[in-house]
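This explanation leads through the sheets and then the pockets of one protein chain. Please keep the sequence and the 3D view side by side while reading.

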Amino acid sequence: MATHLIKRITSNPPHSPLSHRLKTTSSQYVASRIRDATFEKFMDKYKNLLKVISIQDLILANPNNPPSVSVDFLNRLSQKLHLNRGATAFLRKYPRIFEIFYNPTLTQPYCKLTPLAMQISREEHDAINNTRPLVIDRLTRLLSMSSSKTLPLRGIFKVWRELGLPDDFEDSIISQNPNIFHVVDAHEPNTHLIKLVRTQKLTASVENWRMTECCKDDCSVDRTEIRFSFKHSYPPSMKLKKNFRAKVKEWQKLPYIGPYEEMPTTKKRSKSGVMELEKRAVAIVHEFLSLTVEKTIEVEKISHFRKWFGIDLNVRDLFLDHPGMFYLSTKGKRHTVFLREGYERGGLVDSNVVYDVRRKLLDLVVLGRRGLNSGDYKLESSESDDDVEEMEDE
């Protein structure tokens with residue numbers, strides 16, 4: 001599929017989809033996507049959770065007892081943390097998570113986590129440590145998708161939370177498993193690579209779905225048709241035209257090389273060869289999202305691995321071109337992609353212990369100041385703050 005497929009599924013395109021896409025800038029292409037109300041509503045909450053996590057990490061990184069950080073320091077980082085109304089206003093929106101306190105020996109206010117937030121942080125730490133085999137498997141699979149079975153260490157640092165790795169994974173996972181992982185020096189100064197020492201036969205998540213579909217008693221799909229297929233679902237607001245359905249069906253049948261299979265040294269220059277390479281790229285980003293704890297990630301983070309996975313296409317366009325598999329949101333001044341099949345009604349279909357703990361923190365974000373004495377805080381309601389931030393995001 002070319003990058004103009006979104007235009008083919010709109011109910012009343014203004015003119016030829018191909019010519020429209022060629023005249024459309026990247027930002028216009030993103031803006032023209034079909035919105036999914038379920039994911040957009042979820043992102044309204046999730047974007048603030050990401051900000052909360054950023055501040056929480058800064059607090060926990062401080063060796064003070066209890067761990068804390070000055071409010072003035074957070075105010076200086078307001079722009080970087082996307083705190084539209086400043087750090088103080090944001091902290092007071094979530095009194096169940098953050099506590100501002102004054103120390104007589106200090107000349108400025110400090111912020112620390114509440115006992116409840118600290119408890120959730122400890123639970124997440126324990127959940128990750130109790131699932132070490134899964135953590136090792138995720139990292140092994142990520143490395144296996146690289147043709148050289150090697151990835152930059154700084155790239156793993158960008159996605160450690162999404163993969164559910166412990167914050168000290170370099171010592172607790174990589175160094176503790178020398179029979180699986182090995183750190184080597186790169187050609188660039190101060191750059192290290194993680195190399196997979198032991199390779200194994202791996203099965204992609206989409207192959208498990210195909211097997212499940214074929215084994216269903218009421219399976220009416222031809223097994224030859226589902227051999228190279230991916231699960232698709234579309235939001236109710238998306239009107240699928242007959243021509244689009246036919247092209248999706250044709251694309252589903254197209255053979256390709258899986259994310260864990262070796263790429264041939266010589267690439268096909270034919271149209272079918274290019275389409276197969278694109279389908280492999282889709283398979284790789286699909287598997288990447290399947291490996292994440294919450295089946296979601298920022299597009300910028302996954303783009304960091306493009307050359308290591310042999311993807312010569314724009315990753316964001318891949319997500320936009322396949323709206324039945326992925327959903328791209330621009331809430332919170334970032335591009336976040338979701339794996340459609342992983343979600344149902346704003347939550348994961350197949351939950352896991354790390355995700356369950358993180359949902360507890362999200363619940364506190366959603367609660368805000370509700371149920372607390374509003375007189376204790378000299379700010380407007382959390383709902384009005386969210387409205388302001390929503391307008392600034394748009």
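In this predicted model, F101 has Y110 of β3 as its bridge partner. That pair belongs to a longer contact between strands: β2 and β3 (residues 110–113) are joined by 4 bridges and run antiparallel. Helix α4, which spans residues 37–60, packs on the sheet and touches β1, β2 and β3. The direction of α4 makes about 100 degrees with that of β3.

The sheet itself is open and is formed by 3 strands in the order β1-β3-β2, with antiparallel pairing. β1 (68–70) and β2 (98–101) are the edge strands; each has a single partner strand, so one side of each is left without a neighbour in the sheet. From one strand to the next, the twist averages 30 degrees.

A second open sheet also consists of 3 strands, here in the order β4-β6-β5, and its pairing is antiparallel. Its edges are β4 (150–152) and β5, and because each of them has a single partner strand, one side of each lacks a neighbour in the sheet. On average, neighbouring strands of this sheet are turned by 30 degrees against each other, direction ignored.

Within this second sheet, β5 (residues 181–185) and β6 (residues 192–196) run antiparallel and are joined by 5 bridges. Two positions help to locate the register. V184 has L193 of β6 as its bridge partner, and D185 stands opposite H192 in β6. The hairpin of β5 and β6 has 6 residues between the strands, and N190 there takes a positive phi near 60 degrees. As background for viewing either sheet, side chains in a regular strand alternate between the two faces of the sheet.

The pockets come next. Rolling a probe the size of a water molecule over the atoms shows where empty space is left. What is the volume of the largest pocket? It is about 1100 Å³. This pocket is lined by 30 residues, and S54, K158, E298, K301 and R334 lie nearest its centre. Helix α4, already met as the helix that packs on the β1-β3-β2 sheet, gives the largest share of this lining, 7 residues. At least two lining residues each come from α4, α9 (153–158), β7 (296–298) and α14 (299–303). Sorted by class, the lining of the largest pocket has 13 charged, 11 nonpolar and 6 polar residues.

The second largest pocket holds about 790 Å³ of space. It is lined by 30 residues, and those closest to its centre are S205, S290, L291, K295 and D350. Which elements supply at least two residues each to this lining? They include α8 (132–144), α11 (205–215), α13 (271–291) and α17 (353–367). Of the contributors, α11 gives the most, with 5 residues. By class, the lining of the second largest pocket has 10 nonpolar, 10 polar and 10 charged residues.

Terms used: Residues numbered from 1 in each chain as written. Predicted model: local features only at pLDDT ≥ 70, side-chain atom pairs only at ≥ 80, totals over all residues. Heavy atoms only, no water. Pairing = 2+ DSSP bridges. Axes fitted to C-alpha atoms, helices over the stretch in contact; angles between N-to-C directions. Contact = heavy atoms within 4.5 Å. 1 Å grid on protein atoms, 1.4 Å probe; cavity = no way out; pocket = protein on both sides within 12 Å on 5 of 7 lines; lining within 4 Å. Points joined across faces, edges and corners; volume = space filled by probe spheres on them. Nonpolar A, V, L, I, M, F, W, Y, C, P; charged D, E, K, R; others polar.
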